Amino acid sequence: MSVWREDLRAVLFDLDGTLVDQESAAAGAVVEWAAEYGITGPGVADRWAKLSDRHYQAYQRRELTFQEQRRRRVNEFLGLSVDDDEADVIFKGYSARYEAGWTVFDDAVPALRQIRAAGLKAAVVTNGNADHQRYKLERLGLTDEIDVLTTPDGLPAGKPHPQIFLQAVEQLGVSVADVVMVGDSLDRDVRGALAVGIDAVLLDRYDVHPDADVPRIRSLDGFSPPLRRRQ
C-alpha cells in the first residue's frame, strides 16, 4: 500500500461494514423479526436496508433524533401508526436480534493491533450514535483495541461532512496530513476524507467498486506499516 509514509501517525477506521459486519446482522435480524408480523419473502432484508438507510441519513442530517428514526422505520416497514412508546417496544424485538448478530470481521483486530504495535494510533470514525457505538465496541471487545472514538453527536452532520474528520484529528492531537482514513463507503468515508486533505483507502470487501479511482483493498489482511515505528 502506497499510503504508508514515515510521518504517518494514525489510522481512522469506519466501524460498520469495515470492522464490524453490521449488514449481515441486520439482514438476519429483520427476517426473523418481520416474520412475527406476517412479513416474509426474499426482499425483506433489502427493503429494510433501504428504508433504514433513508431514515438514518435524515438522522445524520439532524432532521430526526436517533430515536425518531427508529420509530419511523418501525411504522413504515410494518405499515403501522403506533405511538412512540409502542414503536420503541416493537423496535426492541428487532434490536435484540440485531445486537445478537454483531460480529467482528476476522481481519479487523489483527489490523488494529499491527497498526498500534507499529506506534500509530487507531481511531474509529462512525456516523452512529455515540452511546450505541460505545456499547457495540464494548460488547464486541473492541474498546481496548482503539485510541479514539469519534461520532457526529453535537456536530452538524455525520460523514461526509468535514467536521467529523476534523474532530477525529483534533481528538488524536495530530493534523490531517498525519492520518489515513479506511472505510467501506466510497462517498462517506473516502471522498469525505479526501475533501479535507486526509489520505483515504476504500475497503471494498465485496468488489462493488472495481473501477474506483482511489486506493482500494479487498481485506484488512496485511494492512499495516511495513516497518515497526518508534513510540
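Helix 3 and helix 4 are roughly perpendicular to each other in this predicted model, because their axes cross at roughly 80° and an angle of 65 to 115 degrees counts as roughly perpendicular. Helix 3 spans residues 66-78 and helix 4 spans residues 84-100, and the two axes come within 9 Å. On the side of helix 3, the contact is formed by Gln 67, Arg 70, Arg 71, Arg 73, Val 74, Asn 75 and Leu 78, which meet Asp 84, Ala 87, Asp 88, Ile 90, Phe 91 and Tyr 94 of helix 4. Sorted by class, the residues of this contact comprise 6 nonpolar, 2 polar and 5 charged.

Helix 4 also packs against helix 6 (residues 130-139), here at an angle of about 40° and with the axes 11 Å apart, an arrangement that makes helix 4 oblique to helix 6. Tyr 98, Glu 99 and Ala 100 are the contributors from helix 4, whereas helix 6 brings His 132, Tyr 135, Lys 136 and Arg 139 to the contact. The residues of this second contact divide into 3 nonpolar, 1 polar and 3 charged.

The table sets out the classes of residue in the two helix contacts and in the lining of the largest pocket.

| Group | Nonpolar | Polar | Charged |
|---|---|---|---|
| Contact of helix 3 with helix 4 | 6 residues | 2 residues | 5 residues |
| Contact of helix 4 with helix 6 | 3 residues | 1 residue | 3 residues |
| Lining of the largest pocket | 16 residues | 13 residues | 17 residues |

The largest pocket holds about 1300 Å³ of space, and among the 46 residues that line this pocket, Asp 16, Gln 22, Asp 53, Asp 184 and Arg 188 are the closest to its centre. At least two lining residues are supplied by each of helix 1 (22-35), helix 2 (44-60), helix 3, helix 4, helix 6 and helix 8 (186-195), so that the three helices of the contacts described above also take part in the lining. Helix 2 gives the largest share of the lining, with 10 residues.

Side chains of opposite charge can pair when their charged atoms come close. Across the whole structure, 22 salt bridges are found, and one of them joins the side chains of Lys 159 and Asp 14, with an N to O distance of 2.8 Å. Lys 159 sits in the loop between strand 3 (148-150) and helix 7 (162-172), while Asp 14 sits in the loop between strand 1 (10-13) and helix 1, and the pair therefore ties together parts that lie 145 residues apart in sequence.

Note on methods
Residues numbered from 1 in each chain as written. Predicted model: local features only at pLDDT ≥ 70, side-chain atom pairs only at ≥ 80, totals over all residues. Heavy atoms only, no water. Axes fitted to C-alpha atoms, helices over the stretch in contact; angles between N-to-C directions. Helix = DSSP H or I, 4+ residues; strand = E, 2+ residues; numbered from the N terminus. Parallel < 35°, antiparallel > 145°, perpendicular 65-115°, else oblique. Contact = heavy atoms within 4.5 Å. Nonpolar A, V, L, I, M, F, W, Y, C, P; charged D, E, K, R; others polar. 1 Å grid on protein atoms, 1.4 Å probe; cavity = no way out; pocket = protein on both sides within 12 Å on 5 of 7 lines; lining within 4 Å. Points joined across faces, edges and corners; volume = space filled by probe spheres on them. Salt bridge = Lys/Arg side-chain N within 4 Å of Asp/Glu carboxyl O.
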